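Here is a short tour of one protein chain. Have the sequence and the 3D view ready.

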Amino acid sequence: MEREGNYLKSPDLLPVTHQQRNIGTFGFAVIWIGMAIVLAAFAIGGSAIMNLSLPMVIVATLVGSCLIGVFMTLIGDIGIEHGLSFPVYMRAPFGTFGTHIPSLVRGVTAACWFGLNTYFGALAINGILNLLFGFDNWFICFLVFAALQLFNTSLGIKSIERFADLAAPVIILISCWMYYTLADNATSQGKNIWTWVETPTTGFAAFTAFMVVVMANMGFWATLAADMPSLSRFFKAPKNERNWFKRNKTQLVGSLIVMPITNTFIVTIGAVCYMAVASADPINALQQSASGFILGILLLMIVLAQWSTNTSANVVPAATIFSNIGGPKVPFWVGVVIAGIIGILAQPWSLFDVMVNVLLIIGGILTAIVGILFADYYLIRKRRVHVKELYELDGQFKYYKGFNMAGLIAWVIGGAVANIFSTYSSLVGFAVGAIVYYVLAKYWWFKKYPQAELDDPSDAKYLGITVGHNLDEIFGQPAAPAAVPDEDELVEQPDPLLEMKGAE
């Protein structure tokens, strides 16, 4: 395939073939445990317990986690079905050039998350080194820890899964210890962790506080909800499987079972942490409730948690987006470096105290994109995508000078309305984005710029793995001669990232 002069056909951004998919259900579940144990979520629990009892905090977190998990799974089918990453599919609802605008917002957000998680990890590393050697310089720890994570990510998705395999069980065990230690601390102060509330609310004020927790949790994971195809395209899935639920089994288990449970547990620890030490800052809590060897082990948990979260949930998506924007001159590893630089320049040490307010804003803006993707993929194209045209500079997705104005207008309106109704930001953003895009695209934009899959909605031409299509067939090259085994028979394949010389 000719790529010279066409940045859309960068090898870093081509669809992932069926043979290259090497993450199974268990592997994704383990990755989710690593991603969901992120200490920034402590801020949600610490803020929520001021107005709600712990049982209500748990319910609100489960509701928010499951709702965003549904969004993740729906959008993740783009990666499962067609092997496409988020920034590549965004060319459909936003245009070949317009895709860069919302993608850049998502990429910068992910890079900022990387910086925040790295900051927590650096404080923990500094604490360990202080215990062992009397060393005390968290900023040097921050720079070194950032570099180690970026190197790990540049090795590819399989190296991330292997790291999560090691980190996840350790993190779970130490998190349980942390919960019981903080709960005992709170109880010793005469606080019943299941009934204590700092400033109780009733009536509509209590409902508002409940919805803020729901929306904060949705906003917390809104970046990954939009960007799930960048991960899901590496998931094993059976060919010629028309049952949506069977095809997305890996996603369903990870995003609707493992993530809500793990995320709720971490938010709960944040709430108990606030009861115990009047602060949701996990480093502060640990230093007040433990010492010596135990403190060192708990700080090590901080390091492992941030590392496993950052690689999968933040650096990979951000690097993919920056690579897409930069084209062949910006391979995946360069995108990784850019993400690291942005994460450092964001000064993440200033973000924790305003976390919930930031999440409400981010949630509305990004779930408007999720709504647009949903409307474009399911309601308008009905999962049929002219994949080859996504890589053509003058193809059907060029629209008007590279812009799909229906998508851009819907995004602006959806994000604005969501932040007017910030208590319900993520739900409003999704709904308004989807509705406005559907109306504008179907009854205006696609009348001006016809779409092949709408004029001829052929399963054989425009579906992907459901009808057994593969990358080679999409781009008109001979298909691989060997038959692809069923999912249960798949052996571990070489890392597709390494084979593409640093592509995501």
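In which helix is Arg91 found? Arg91 sits in helix α5, residues 91-94. Helices here are DSSP runs of H or I with at least four residues, strands are E runs of at least two, and both are numbered from the N terminus.

This is a predicted model, in which local features need pLDDT of at least 70, side-chain atom pairs count only at pLDDT 80 or more, and totals for chains, interfaces and linings use all residues. Residues are numbered from 1 along each chain as its sequence is written, and side-chain values use heavy atoms, with hydrogens and water left out.

**Overall picture**

The protein has 23 helices and zero strands. Of its 504 residues, 62% count as buried. Buried means under 20% relative accessible area, exposed means over 50%, and partly exposed lies in between (1.4 Å probe, protein chains only). About 18400 Å² is exposed, and carbon and sulfur atoms supply 66% of that area. Accessible areas come from the Shrake-Rupley method with a 1.4 Å probe; for residues, only the protein chains shown count as cover. A contact means heavy atoms within 4.5 Å. Among contacts with a separation of 6 or more, 85% join residues 24 or more positions apart.

**Inside**

The largest nonpolar core has 156 residues. Trp32, Met72, Phe220, Trp221 and Tyr437 have the most contacts inside it. Helix α17 (residues 355-380) gives this core its largest share, 16 residues. Such a core is a set of buried Ala, Val, Leu, Ile, Met, Phe, Trp, Tyr and Cys residues joined through side-chain atoms within 4.5 Å.

Leaving aside residues up to four places away in sequence, Tyr437 touches a list of residues that includes Ala92, Pro93, Ile372, Asp376, Lys442 and Phe446.

Arg91 counts as buried because its relative accessibility is 0%. Its side chain reaches the backbone oxygen of Leu390 at 2.8 Å.

Thr61 lies in helix α3, residues 54-82. Thr61 is buried because its relative accessible area is 0%. Beyond residues up to four places away in sequence, Thr61 touches Val213, Asn217, Asn263, Thr264 and Val267.

**On the surface**

Which residues form a nonpolar patch on the surface? They are Leu131, Leu132, Phe133, Phe135, Ile140, Val144 and Leu148, with about 680 Å² of accessible area together. Patch residues have over 30% relative accessible area and no salt bridge (a side-chain nitrogen of Lys or Arg within 4 Å of a carboxyl oxygen of Asp or Glu). Nonpolar side chains (Val, Leu, Ile, Met, Phe, Trp, Tyr) are joined within 5 Å, like charges within 9 Å. Helices α6 (100-133) and α7 (138-154) each supply at least two residues of the patch. Leu132 belongs to α6. Leu132 counts as exposed because its relative accessibility is 59%.

Ile261 is in helix α13, residues 249-277. With 56% relative accessibility, Ile261 counts as exposed. Ile261 and Ala36 are 225 residues apart along the chain, yet their C-alpha atoms are separated by 9.1 Å.

**Two loop residues**

Most residues other than glycine have a negative phi. Two lysines are listed below with their positive values.

| Residue | Phi | Place | Relative accessibility |
|---|---|---|---|
| Lys382 | about 55° | loop between α17 and α18 (405-420) | 49%, partly exposed |
| Lys401 | near 55° | loop between α17 and α18 | 61%, exposed |

Definitions and conventions. Polar contact = N/O pair within 3.5 Å; in protein donor to acceptor, adjacent residues only side chain to side chain.
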